[in-house]
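Work through the exercises below with the sequence and the model at hand. Each task is followed by a solution in steps.

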Amino acid sequence: MIEDTAADEVRWVSPAERIEAARRKAEPEVTFGDYGERWIGEWRNSKGEPLRALTRKDYEQVLVTPPCARGGV
């Protein structure tokens with residue numbers, strides 16, 4: 001029996017791994033733009049301050065705005 005499993009090259013997956021895989025599969029996918037928006041909103045410098053307005057605008061331009069909307073391809 002053990003030889004059959006080894007011969008089939010089937011990898012045993014623990015119940016915990018199966019649960020984690022199912023959880024990851026059920027989570028909504030996060031787009032880069034969504035991640036960028038969240039990061040910009042949550043990011044703090046070493047003093048605990050949020051991004052300054054100009055920096056925020058620059059980061060939003062790069063991280064959130066699609067390249068075609070910025071004049072790129």
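**Exercise 1. Salt bridges**

Task: State how many salt bridges the structure holds, then examine the pair Arg11 and Glu17.

Solution. Step 1: the count for this predicted model is 6 salt bridges. Step 2: in the pair formed by Arg11 and Glu17, the closest N and O atoms are 3.0 Å apart. This separation satisfies the cut-off, which is within 4 Å. Step 3: look at the accessibility of each partner. Arg11 has a relative accessibility of 58% and therefore counts as exposed, since the class begins at over 50%. Glu17, with a relative accessible area of 35%, is partly exposed.

**Exercise 2. A second pair**

Task: Find the salt-bridge partner of Arg52 and classify both residues by accessibility.

Solution. Step 1: the partner is Glu49, and the closest N and O atoms of this pair lie 3.8 Å apart. Step 2: Arg52 reaches 59% relative accessibility, so Arg52 is classed as exposed. Step 3: Glu49 stands at 32% and is classed as partly exposed.

**Exercise 3. A pair within one helix**

Task: Locate Arg56 and Glu60 in the chain and describe the link between their side chains.

Solution. Step 1: both residues belong to helix 4 (residues 53–63). Step 2: they are 4 residues apart, which is about one turn of the helix. In general, an α-helix has 3.6 residues a turn, so residues three or four places apart point the same way. Step 3: the side chains of Arg56 and Glu60 meet in a salt bridge, with an N to O distance of 3.5 Å. Step 4: Arg56 is partly exposed at 30% relative accessibility, and Glu60 is partly exposed at 33%. Step 5: elsewhere, Glu20, Arg23 and Arg24 are joined into one network by salt bridges that share partners.

**Exercise 4. The buried face of helix 3**

Task: Name the buried residues of helix 3 and say where they point.

Solution. Step 1: the buried residues of helix 3 are Gly33, Gly36 and Ile40. Step 2: viewed down the axis of helix 3, these residues fall within an arc of 60°, so they line one face of the helix. Step 3: the buried residues of helix 3 pack against helix 4. Step 4: set this beside the chain as a whole, where 7% of the 73 residues count as buried.

**Exercise 5. Partly exposed positions in helix 3**

Task: Which residues make the nonpolar surface patch that includes Tyr35, and what area does the patch have?

Solution. Step 1: the patch is made by Val30, Phe32 and Tyr35, and its area is about 330 Å². Step 2: Tyr35 lies in helix 3 (residues 32–42). Its relative accessible area is 40%, so Tyr35 is partly exposed and passes the patch cut-off of over 30%. Step 3: Asp34 is also placed in helix 3 and is partly exposed, at 42%. Step 4: follow Asp34 across the chain to Leu63. Their C-alpha atoms are separated by 9.1 Å, although the two residues are 29 apart along the chain. Step 5: for the whole chain, the exposed area is about 6,600 Å², of which carbon and sulfur atoms supply 57%.

**Exercise 6. Elements and confidence**

Task: List the elements of the chain in order and state where confidence is lowest and where it is highest.

Solution. Step 1: the chain has 4 helices and 0 strands. From the N terminus on, the order is α-α-α-α. Step 2: confidence is lowest in helix 1 (residues 2–8), with a mean of 60. Step 3: confidence is highest in helix 2 (residues 15–26), at 91. Step 4: the mean pLDDT over the chain is 82, and 75% of the residues reach 70 or more.

How values were computed. Residues numbered from 1 in each chain as written. Predicted model: local features only at pLDDT ≥ 70, side-chain atom pairs only at ≥ 80, totals over all residues. Heavy atoms only, no water. Patch = residues over 30% accessible without salt bridge, like charges linked within 9 Å, V, L, I, M, F, W, Y side chains within 5 Å. Areas by Shrake-Rupley, 256 points an atom, 1.4 Å probe, with all protein chains shown as cover. Helix = DSSP H or I, 4+ residues; strand = E, 2+ residues; numbered from the N terminus. Buried < 20%, exposed > 50% of the residue type's maximum accessible area, 1.4 Å probe, protein only. pLDDT = per-residue confidence, 0-100. Arc of directions from axis to C-beta. Contact = heavy atoms within 4.5 Å.
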